[in-house]
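Let's take a walk through this fold, going from the sheet outwards to the loops. Keep the viewer open as you read.

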Amino acid sequence: VSKSYHRAKDLINDPEVNAVYIATPPGSHLELALHVAAANKACYVEKPMARSYEECRRMTEAFHDARRPLFVAYYRRAWPRFR
């Protein structure tokens, strides 16, 4: 690992980072995702996306306005073991 960060905002604002994976507890997803959108970067959020519909709506609107993609980690649903 060539870099490490003590604060999430430092990672988000690093110009060499072009996408952010949020895998923190759900209570911090909204705040972090809004920072990522403000930094104009793509974001992949672990499920659950947020704690409420309102938080999800705020996140999707922020990424829509930033014209950046927002993904939610539902990759396992296609695995045979989880089907």
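**From the sheet to the loops**

Start with two strands: β1 and β2 (residues 42-45) pair in the parallel sense, with 4 bridges between them. To find your place in that pairing, look for Ala19, which stands opposite Ala42 in β2. Keep in mind that you're looking at a predicted model.

Those two strands belong to an open sheet of 3 strands in the order β1-β2-β3, paired in parallel. At its edges sit β1 (19-22) and β3 (70-72), each of them pairing on one side only. From one strand to the next, the twist averages 15°. As a general reminder, the strands of a sheet pair through backbone hydrogen bonds, in either a parallel or an antiparallel way.

Now zoom out to the chain. How many helices and strands does the protein chain have? There are 3 helices and 3 strands. Read from the N terminus, the elements follow the pattern α-β-α-β-α-β. One helix to pick out is α2 (residues 29-38), which lies across β1 and β2 and runs at about 180° to β1. So much for the layout; a few overall numbers help too. Along its principal axes, the C-alpha trace of the protein chain spans about 40 × 35 × 25 Å. The chain has 83 residues, and 28% of them count as buried. Take the contacts between residues at least 6 apart in sequence: 51% of these join residues at least 24 apart.

What about the surface and the charges? The accessible surface of the protein chain comes to about 6100 Å², with 53% of it belonging to carbon and sulfur atoms. The chain carries 14 positive and 9 negative charges, and the mean positions of the two sets are 7 Å apart.

Next, a stop in the loop between α1 (8-12) and β1, where you'll find Val17. Is Val17 buried or exposed? Its relative accessible area is 18%, and the cut-off for buried is under 20%, so Val17 counts as buried. Leaving out residues up to four places away in sequence, Val17 touches Tyr5, Leu11 and Lys41. Take Lys41 from that set: Val17 and Lys41 are 24 residues apart along the chain, and their C-alpha atoms are separated by 8.2 Å.

The last stops are about backbone geometry. In general, most residues other than glycine have a negative phi, and most peptide bonds are trans. Here are some spots in this model to hold against that background.

Asn40, in the loop between α2 and β2, isn't a glycine, yet its phi is positive, near 60°. With a relative accessibility of 43%, Asn40 counts as partly exposed. Arg67 also belongs on the list: its phi is positive at about 55°, although it is not a glycine. You'll find Arg67 in the loop between α3 and β3. Which side of the cut-offs does Arg67 fall on, buried or exposed? The relative accessible area is 73%, and exposed means over 50%, so Arg67 is exposed.

For the peptide bonds, go to the loop between β2 and α3 (53-66), which holds Pro48. The bond leading from Lys47 to Pro48 is cis, with omega near -5°.

Notes
Residues are numbered from 1 along each chain as its sequence is written. This is a predicted model: local features need pLDDT of at least 70, side-chain atom pairs count only at pLDDT 80 or more; totals for chains, interfaces and linings use all residues. Side-chain values use heavy atoms; hydrogens and water are left out. Buried means under 20% relative accessible area, exposed over 50%, partly exposed in between (1.4 Å probe, protein chains only). Contact means heavy atoms within 4.5 Å. Accessible areas come from the Shrake-Rupley method with a 1.4 Å probe; for residues, only the protein chains shown count as cover. Lys and Arg count as positive and Asp and Glu as negative; His and the chain ends are not counted. The place of a charge is taken as NZ of Lys, CZ of Arg, CG of Asp or CD of Glu. Two strands pair if DSSP finds at least two bridges between them. Axes are lines fitted to C-alpha atoms, for helices over the stretch in contact, and angles run from 0 to 180 degrees between N-to-C directions.
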